[in-house]
Each structure stands twice: as C-alpha cells, then as structure tokens.
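Trainee: I would like a close look at one part of this model, set against the whole. Please take it step by step.

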Amino acid sequence: MKIWAYIHPQLNILCCALLPEAVPEGVEAVEFEVESPDDVVYDGIQIRLKTQDEKLQELKAQKLSELKTYVASLLAQTDYIITKIAEAQIQNDTAEIEALKQRYSAQLQQREAIRAWNEWMKQKIRNATSLEELKAIEIRFEGG
Amino acid sequence: MAYTRRPFDYTGTLSNQVQNDLNLANDNFDILAQAFVSNDPATGTVKNADTVDGFHASQTPAPNVIVPLDASGVLDLSATYVKSNVYTFRRVDLTNATSDYELQVGEEAIIYFDTTQSTTKNLRTATKEGLYQMLIWAKYDTSINNYQVMLYPNNQSYTDQFTWLGICLDEPSSVSRSTVTFSGFNLGRIIEGGLYVCYFSTYTLGKFMISWHVVVGSSGNGRLCYFVQRWNDTTTPWTSLGTISTAGLINGTLVILVRRLT
C-alpha cells in the first residue's frame with residue numbers, strides 16, 4: 001500500500017496517512033510503498049523504512065512475547081498442583097508431597113515438556129535469520 | 001364550464017328554455033363523469049379518492065406519496081427510508097463512495113471490501129462524536145492467511161497511540177492475554193474466516209473500542225477473542241471512521257456494516 005508519512009505538528013509523533021488528503025495542510029509528507037504503516041520509522045533525524053534487520057528484531061520480540069503468554073496459559077492450567085505441593089512443603093509433610101507427586105505425575109511431566117518446548121521455541125525464534133522463517137514459526141504446543 | 005347544481009328552471013319563459021336546460025344538464029353529467037376514473041361513473045371509482053390531505057397513495061415510493069403495505073403485508077420502501085426525530089432507518093452502500101458520508105443516528109452503511117484487489121479499504125464514513133457499531137464478516141476460506149486486520153481512524157496511523165488489551169481463548173483450552181500499543185485499532189487476525197463485532201465511542205476526550213471476534217484457525221480450531229482499546233490522545237478529533245487494512249492480499253470479500261447509534 002502507499003502511505004504518506006509525516007511528523008504530526010501537534011502530537012509530535014510519526015503518522016502515516018493512507019490517503020494523500022489525510023495529511024494535514026501545510027505539512028510535508030514522505031511517500032512510501034509499504035506492507036503496513038508499521039514498516040516506517042522516525043529515527044530522530046529522518047522518516048525512513050525500517051531495515052530488514054529492524055523488522056526481524058521487532059518480529060522476534062513479538063514472537064517471544066506471544067510465546068511467553070502462550071506458555072503461561074498452558075502452565076496456568078496445572079498451577080493448582082504446584083500450589084498443593086508447595087503447601088505440603090511449607091507444612092514439611094513429606095508423605096503428602098510424595099503422594100501428590102505420584103498422583104499428578106502425568107501433569108508434572110507435561111509441565112516439564114512444556115518448559116522444554118518453550119526453551120526450544122525461544123532458541124528457534126532467536127536463531128531465525130529471515131522474516132519468512134520467523135513468520136512460519138507457529139506457536140502451538142502439541143506435546144499434550 | 002362551471003357546474004350548476006340545479007340546472008332546470010321551471011319558471012323560465014325563454015322560447016328555447018327546454019333546450020337550454022337539457023344542454024345544461026348534459027354539461028353537468030359531463031362534469032360529474034369526469035370525477036370518476038376514465039371519466040366513467042360505471043367504474044365505481046372516484047378520481048383522487050386515494051388522497052389524504054392531498055397526498056396520493058401508491059405502491060411505488062416517491063416524494064409526497066403514501067405507501068400501503070404490499071401483498072405480503074410488508075411496508076416496502078425500497079430506495080427511500082424512514083426517519084424520525086431520533087432514528088433513521090436506512091442502509092447506504094458506501095462501497096464505491098468517493099467522499100465521506102455522514103451517517104444519521106440509526107442509519108447503517110454497508111461496505112464490501114474486495115481483499116483480492118487491495119489490502120486497504122477506506123470506509124468513507126464521516127464520524128461525529130458519539131457511539132457506533134461495526135460488524136465485519138470474512139467468509140470461511142482455507143486460503144486466507146493469518147493477517148492482522150487494523151482500523152486506522154482518520155485514514156492514518158498514529159505511532160504507539162493505541163493501548164490494546166486482548167484476551168483470547170483458543171481451542172482446545174489455552175487462554176492468552178497481552179497488552180501492547182499499536183498505531184491504530186487492532187481488530188484481530190483473519191485466519192480462515194470469522195465474524196468481528198466492534199463498538200466504539202468517537203468522543204475526542206474518550207475514544208474507545210471494545211470488540212470481540214470468533215475466527216477459525218489454520219488447524220480447524222476456533223478462537224474467541226475479546227479486545228478493549230483506547231486511543232490515548234485526547235486532542236485529535238475522530239472525524240473519519242478510517243481505513244481497514246489487512247496487511248496482505250487475501251482471497252475473499254469482507255462485508256462491513258457500520259451503524260451510528262447516537
């Protein structure tokens with residue numbers, strides 16, 4: 001899409017008009033062909049397109065954030081087991097701790113698998129060298 | 001000639017009195033006949049009998065015409081609309097509009113966004129301070145990609161001016177939430193099709209949007225999301241509903257309905 005990027009005179013922020021007539025009167029705008037208005041950046045000196053590396057780092061941060069919330073949501077489902085074990089530990093009830101570990105062994109193994117998968121995914125995201133490679137990484141745990 | 005209510009003059013003494021009276025009577029019959037449809041009293045239908053206060057009735061809606069219910073009992077106003085002091089019942093198609101149209105309270109706009117041709121669609125809707133509703137429907141299509149749908153109000157992006165909080169429930173059981181900033185309103189991702197419902201306030205001092213959507217994921221699983229968003233700047237008026245962007249070409253037409261609520 002075509003955009004017309006400019007610094008908003010009142011807000012002093014980078015804006016991208018999607019129509020030339022959306023640029024405020026008297027304001028100088030720079031025309032770009034982009035995939036998204038987020039492809040443009042103001043670096044304090046000039047308005048320019050983000051470099052491939054900047055885009056890559058941005059998308060990596062986004063993917064890692066997505067992964068973090070996703071893993072947290074997976075672990076949250078069995079957090080009550082950890083709470084039970086922690087309570088038993090506070091009471092120094094070793095028999096109860098062992099009983100809980102045994103009763104919930106499948107869930108505890110699952111948590112370990114989620115954490116291992118999380119580490120593997122983080123590495124995969126960090127190691128990605130292109131936007132295409134990064135976009136192809138689907139955040140979905142299938143170990144359960 | 002004028003109608004004479006009592007044409008026969010029995011006191012008349014003219015030599016051609018009878019002839020005069022009969023001619024006058026004929027003229028009167030003519031005048032009376034013209035009051036009927038086809039100038040024929042045999043039709044049994046008086047001309048202009050369908051008027052109320054001078055307004056005709058017709059099944060074809062037109063200015064200054066009274067429209068009856070049709071054969072199905074429906075009041076079909078077709079191209080025209082109903083307006084009261086507080087609500088306008090009308091749908092306008094803004095798909096090919098070339099300038100912003102100001103919706104009246106209650107009025108609805110429909111916009112078809114052919115996503116095979118363009119990644120953006122200007123909704124061409126002027127906004128006043130108030131409340132609006134928007135529905136977006138993307139048909140189920142396995143070729144649709146996981147593109148983010150954005151609404152850029154006033155047809156432009158404002159870097160990091162939109163605070164977004166989203167909670168999503170993915171099948172089978174994962175729940176995710178996050179808060180980030182965007183340069184426009186984030187409507188969510190079109191994965192393979194879905195339905196989006198958005199309500200927003202366009203007051204300069206309080207520009208908010210709440211929305212929820214259901215989409216079908218690439219693996220066939222569903223996703224339900226609930227978003228709340230705020231346009232943080234309280235000085236910029238929201239004067240044009242904006243432009244919808246899909247970030248990439250997708251295979252289908254989005255149907256967008258916008259209604260002004262206040």
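How much surface does chain A expose, and what share of it do carbon and sulfur atoms supply? From there, please go on to B:S245 and its surroundings.

Mentor: This is a predicted model, and every value below is computed from it. Chain A exposes about 8800 Å², with 49% of that area supplied by carbon and sulfur atoms. For chain B the accessible surface is about 14100 Å², and 55% of it belongs to carbon and sulfur atoms.

The fold of each chain gives the setting. Chain A contains five helices and five strands, arranged along the sequence as β-β-β-β-β-α-α-α-α-α. With a radius of gyration of 24 Å, well over the 15 Å that the globule rule gives for 144 residues, chain A is more spread out than a compact globule. Its C-alpha trace spans about 75 × 35 × 25 Å along the principal axes. Of the 144 residues in chain A, 38% are buried. Among contacts in chain A with a separation of 6 or more, 52% are between residues 24 or more positions apart.

Chain B has 20 strands and one helix. Its radius of gyration is 32 Å, where a compact globule of 262 residues would have a value near 18 Å. The box filled by the C-alpha atoms of chain B is roughly 110 × 40 × 30 Å along the principal axes. Buried residues account for 40% of the 262 in chain B. Of the contacts in chain B between residues at least 6 apart in sequence, 63% join residues at least 24 apart.

Now the part you asked about. B:S245 belongs to strand β19, residues 243-245 of chain B. Its relative accessibility is 3%, so B:S245 counts as buried, the cut-off being under 20%. Leaving aside neighbours within four places in sequence, B:S245 is in contact with B:T119, B:T120, B:Q148, B:V149, B:M150 and B:Y152 in chain B, and with A:M1 in chain A.

B:I244 lies in the same strand, since β19 covers residues 243-245. In soluble globular proteins, nonpolar side chains tend to be buried together. The largest nonpolar core here has 57 residues, and B:I244 is among those with the most contacts inside it, along with B:M134, B:L151 and B:I256. Not counting residues up to four places away in sequence, B:M134 touches the other three, B:L151, B:I244 and B:I256, and its further contacts include B:L123, B:L187, B:Y196 and B:F200. A second core, separate from this one, has 17 residues, including A:V71, A:W117, A:I125 and A:L131.

Two asparagines of chain B are worth a look for their backbone. Most residues other than glycine have a negative phi. B:N39 has a positive phi of about 55°, and B:N64 has a positive phi near 60°. B:N39 is in the loop between α1 (17-33) and β1 (56-57), while B:N64 is in the loop between β1 and β2 (65-66). B:N39 is partly exposed, at a relative accessible area of 42%; B:N64 is exposed, at 59%.

Charge completes the account. Chain A carries 17 positive and 24 negative side chains, with the centres of the two sets 7 Å apart. In chain B there are 17 positive and 22 negative side chains, and the two centres lie 10 Å apart.

Methods: Residues numbered from 1 in each chain as written. Chains lettered and ligands numbered in written order. Predicted model: local features only at pLDDT ≥ 70, side-chain atom pairs only at ≥ 80, totals over all residues. Heavy atoms only, no water. Helix = DSSP H or I, 4+ residues; strand = E, 2+ residues; numbered from the N terminus. Rg over C-alpha atoms; globule rule 2.2 N^0.38 Å. Buried < 20%, exposed > 50% of the residue type's maximum accessible area, 1.4 Å probe, protein only. Contact = heavy atoms within 4.5 Å. Areas by Shrake-Rupley, 256 points an atom, 1.4 Å probe, with all protein chains shown as cover. Lys, Arg positive; Asp, Glu negative; His and termini not counted. Charge placed at Lys NZ, Arg CZ, Asp CG, Glu CD. Core = buried A, V, L, I, M, F, W, Y, C linked by side-chain atoms within 4.5 Å.
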